[in-house]
Structures are given as structure tokens and as C-alpha cells.
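Visitor: I've got a bit of time before my gel finishes. Walk me through this one, please.

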Amino acid sequence: MKAIVVQTDREERPLRWQEVPDPTYAAGEVLVDIYATALNRADLAQRAGNYPPPPGASDILGLEMAGRIAALGAEVEGWKVGDRVCALLPGGGYAERINVPYPMLMPLPAGWSFEQGAALPEVFFTAYLNLFMEAGLKEGETVLIHGGASGVGTAGIQLARQAGCRVFVTAGTEEKVARCRELGAELAINYKTDDFVERIKAHTGGAGVDVIMDMVGASYLEGNLQLLKTYGRLVFIATLGGSQAQLNLGLLMRQRLRLIGSVLRPRSVAEKVEIKRRFMEQFWPLLLDGTITPVIDSVYPIEQAMAAQERMAANQNIGKIILKVRE
Ligand SMILES: NC(=O)c1ccc[n+]([C@@H]2O[C@H](COP(=O)([O-])OP(=O)(O)OC[C@H]3O[C@@H](n4cnc5c(N)ncnc54)[C@H](OP(=O)(O)O)[C@@H]3O)[C@@H](O)[C@H]2O)c1
């Protein structure tokens, strides 16, 4: 098959669509012909050599895909060759084929394109896991989502809104801010022109928020802590703004705050299946009826994966960037 391979012998680490060995599939796995995959921020770090795949995972980039089942391993139940599916992957999505443990599969809803299916798993599982399972977000609570126009942010806004929460976000351009409002954010702040701490304090009459999902880290810590209500929860999913910071432990105690760190990729298949099960139980009907939908920024042919990654690296995307693998 063909796959995108990082040319590690060149300084800029270009990506090339080239022949590689086909994946094998074991008992309990299916082989899928990939029609579309999607970019994630982690792909940029992996390409740069800073984010190796977890043990046992493919070293090909790509954390999700949508396609058709091409073959079934032994002991696979409930699926047949030809079924349209999408799935979260620990790696291997930028390719023509991938092996997937069958409990990780999700059926592609009728009428959905493979591009839509490829846009779903990683950011919706991440937003679901961190907002609801890790931070325990509940109906009626207020949540602040940084990076509101990112793939994860656009999923998180919709999930939190449909769960009956008030959603505030930050984003870096006026266009991003406007799109976040359309998706359901009550307050969307351009952090480049406005102080998000002051804006949220003013908007909530000083009350602040119950939960924050943060991908910025160190440079936002002080502001985030100022905004959390008593019993507030702050969940870190990335450190785009640095990972070393000073912390006022007295404030943490007085306000009874919870600081949570979380990653999805290295978790076991069993944990990921449980995240999938809970996400589908709560939100699948809303995806089927179109209330919630993956936000697609752009679609590139897989051979143009480098151009697609440049768009992400320049923070230009709103939602997901898709790579089309087959017609
Ligand atoms: N922990 C996990 O399990 C997990 C899983 C998936 C993703 N993630 C992380 O979640 C984040 C979003 O992922 P994604 O794939 O959805 O990313 P994405 O679509 O590339 O969006 C990331 C956005 O973050 C903003 N940003 C970049 N650098 C920033 C900085 N220094 N300060 C403030 N904002 C900055 C940019 O938007 P603006 O223009 O608004 O600044 C950028 O578009 C990534 O950092 C990713 O690594 C974590």
C-alpha cells in the first residue's frame, strides 16, 4: 500500500506518499480501506520527532480515519466486509489501509461522507473525555474552552452546549470568534485584542467558571486560576504556551480546586472503548439528527499532506483539516 512517510534525513522533514508494507491484522481486528483521514496537532509534533507513537502503534502519522472494512480477522463480531466505519487510531491513518480492533469501530452514519467520518473520532473523544469524564462537567455549569476554533474546541463547544452548559471560549482572530459564536459559544473572546480574564469576570459579575479546558498551559495558568469558582476544575490537554509555571497552592486549597492533566493516545484499547461507549450513549443521537456536526475547515488530497500541515502550523484552520485518500 501507499502511506505518508516522514523523510527524517532532511532537516525540514518533508512528507512523501510512497510504498510501504501492508498492515497485518490479528484476531479481533479488521482491516480497513481508508478513504479519508484528518490532521491533529499531535501530527506536527510527531513529524518533528517530538512525539513518538506509543509502543505497538504504527509509526505512520494519523490518529483517525474513515473507510470501508476490507477483511475480518478471527473472532470479529457484528461487522462485515464493505461496512462504512470510522475509528480513533494510535497511529497509521495517513495510509491506504489500517488494522483496527473491532470494538473501536463506529458505524459511519447514513448520508455522511468519509470526510465527515474522519473528522469525528479524535476531537470529539478528546472533548468528551476531558469535559465530562475528567472534569465532570454538569448541566447548568459554565465552561471556558481555550482554542475554541481548534478541532477539539469546535467539538467541545457543541458538546457542552448540548449538555446544557454555558460556554465561553478564546480564539485568535475575529473570524474564529464569530464561528465559535455560531457553534454555540455565549461569549467568544479574541485573546489577541482582549483580556479574557477581565471579559469573563465582567460577563459573569465576578463569578467565573466551573470548568476550564486548556491547551495553552503555563502562560494562562494565573488567569485560569483567577477565573475558577470554588470547586472549579481545570483540565490541561496541551501546553502550547509552555509547561513550566508557578502555582499558588494556598489558592488551590482555599478554593478547593482540581487540576487535571490528560492524554488520550497512550491509553489502553479498553479505556478508549469505554470513552467511545459513553460518548456514543450520550451524543450519538445528536450526531445522527445533525444537531452536532464535525466542523470541516478544508480537504486536501493525501499527496498534499505537507501543505495541509502548514495550514495547521500557521493556526489558520477553523475545525478539522481532512486528507482524502481515495474517491
Ligand atoms: N491531551 C489530549 O488527549 C489531546 C488530544 C487531542 C488534542 N490535544 C491538543 O489539543 C490542542 C488542539 O488540538 P487540535 O488538533 O484541535 O488543534 P488545532 O486545530 O491545530 O488548533 C490549535 C489552535 O490553538 C491555538 N494556539 C496555537 N498556539 C497557541 C498559543 N501559543 N497560545 C494560544 N493559542 C494557541 C491556535 O488558534 P488561535 O488562532 O485561536 O490562537 C490553533 O489554531 C492541541 O494542542 C493538541 O495537541 C490534546
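**Salt bridges, rings and helices**

Visitor: Starting with D194, what does that residue count as at 31% relative accessibility?

Guide: D194 counts as partly exposed, because its relative accessibility is 31%; the classes are buried under 20% relative accessible area, exposed over 50% and partly exposed in between, with a 1.4 Å probe and protein chains only. Before we go on, this is a predicted model, where local features need pLDDT of at least 70, side-chain atom pairs count only at pLDDT 80 or more, and totals for chains, interfaces and linings use all residues. Residues are numbered from 1 along each chain as its sequence is written, and side-chain values use heavy atoms, leaving out hydrogens and water.

Visitor: OK. Which residue forms a salt bridge with D194?

Guide: R199 does, with the closest N and O atoms 2.6 Å apart. R199 is partly exposed too, at a relative accessible area of 30%. A salt bridge here is a side-chain nitrogen of Lys or Arg within 4 Å of a carboxyl oxygen of Asp or Glu.

Visitor: How many salt bridges turn up in the whole structure?

Guide: The search finds 18. One of them joins E141 and R233, whose closest N and O atoms are 2.7 Å apart. E141 is in the loop between α3 and β8 (142-145) while R233 is in strand β12, so this pair ties together parts that are 92 residues apart in sequence. For the element names, helices (H or I, at least four residues) and strands (E, at least two) are DSSP runs numbered from the N terminus.

Visitor: And is E141 buried or exposed?

Guide: E141 counts as buried at 12% relative accessibility, and R233 does as well at 11%.

Visitor: What about R311, what does that one pair with?

Guide: R311 forms a salt bridge with D297, the closest N and O atoms being 2.7 Å apart. R311 belongs to helix α10 (residues 305-313) and D297 to strand β14 (residues 296-301), so parts 14 residues apart in sequence are tied together. R311 itself is partly exposed, with a relative accessible area of 23%. Elsewhere, D22, D33, R97 and R326 are joined into one network by salt bridges that share partners.

Visitor: Where does R326 lie with respect to Y35?

Guide: R326 lies over the face of Y35, at 5.6 Å from the ring centre. The rule for a charge over a ring is NZ of Lys or CZ of Arg within 6 Å of the ring centre and within 35 degrees of the ring normal. R84 is another case: its charged end sits over the ring of F114, 5.1 Å from the centre.

Visitor: Switching to rings on rings. How many aromatic pairs are there?

Guide: The structure holds ten. F124 and F279 are one of them, a tilted pair with 6.1 Å between centres and 45° between planes. To count as a pair, rings of Phe, Tyr and Trp (its six-membered ring) need centres within 6.5 Å; planes under 30 degrees apart are stacked, over 60 edge-to-face, and the rest tilted. F124 is in helix α3 (residues 121-134) and F279 in helix α9 (residues 269-288), 155 residues apart, so distant parts of the chain are linked. Both F124 and F279 are buried.

Visitor: Which residues do ring pairs link into a cluster?

Guide: F124, F125, Y128, F132, F279 and F283.

Visitor: Now α4. How many of its twelve residues are buried?

Guide: Ten of the twelve, so α4 is largely enclosed by the rest of the structure. Among the buried ones are G151, V152, I157 and L159. Helix α4 (residues 151-162) should span 16 Å, and its end C-alpha atoms are 17 Å apart, which agrees; the expected span is 1.5 Å times one less than the number of residues.

Visitor: What's the phi of G164, just after α4?

Guide: G164 takes a positive phi of about 85°.

Visitor: Which residue in the loop between β4 (64-72) and β5 (84-88) should I look at for phi?

Guide: E75 sits in that loop. E75 has a positive phi of about 70° although it is not a glycine. Most residues other than glycine have a negative phi. E75 is also exposed, with a relative accessible area of 63%.

Visitor: What about Y231 and its phi?

Guide: Y231 has a positive phi of about 65°, again without being a glycine. Y231 lies in strand β12 (residues 228-236) and counts as partly exposed at 47% relative accessibility.
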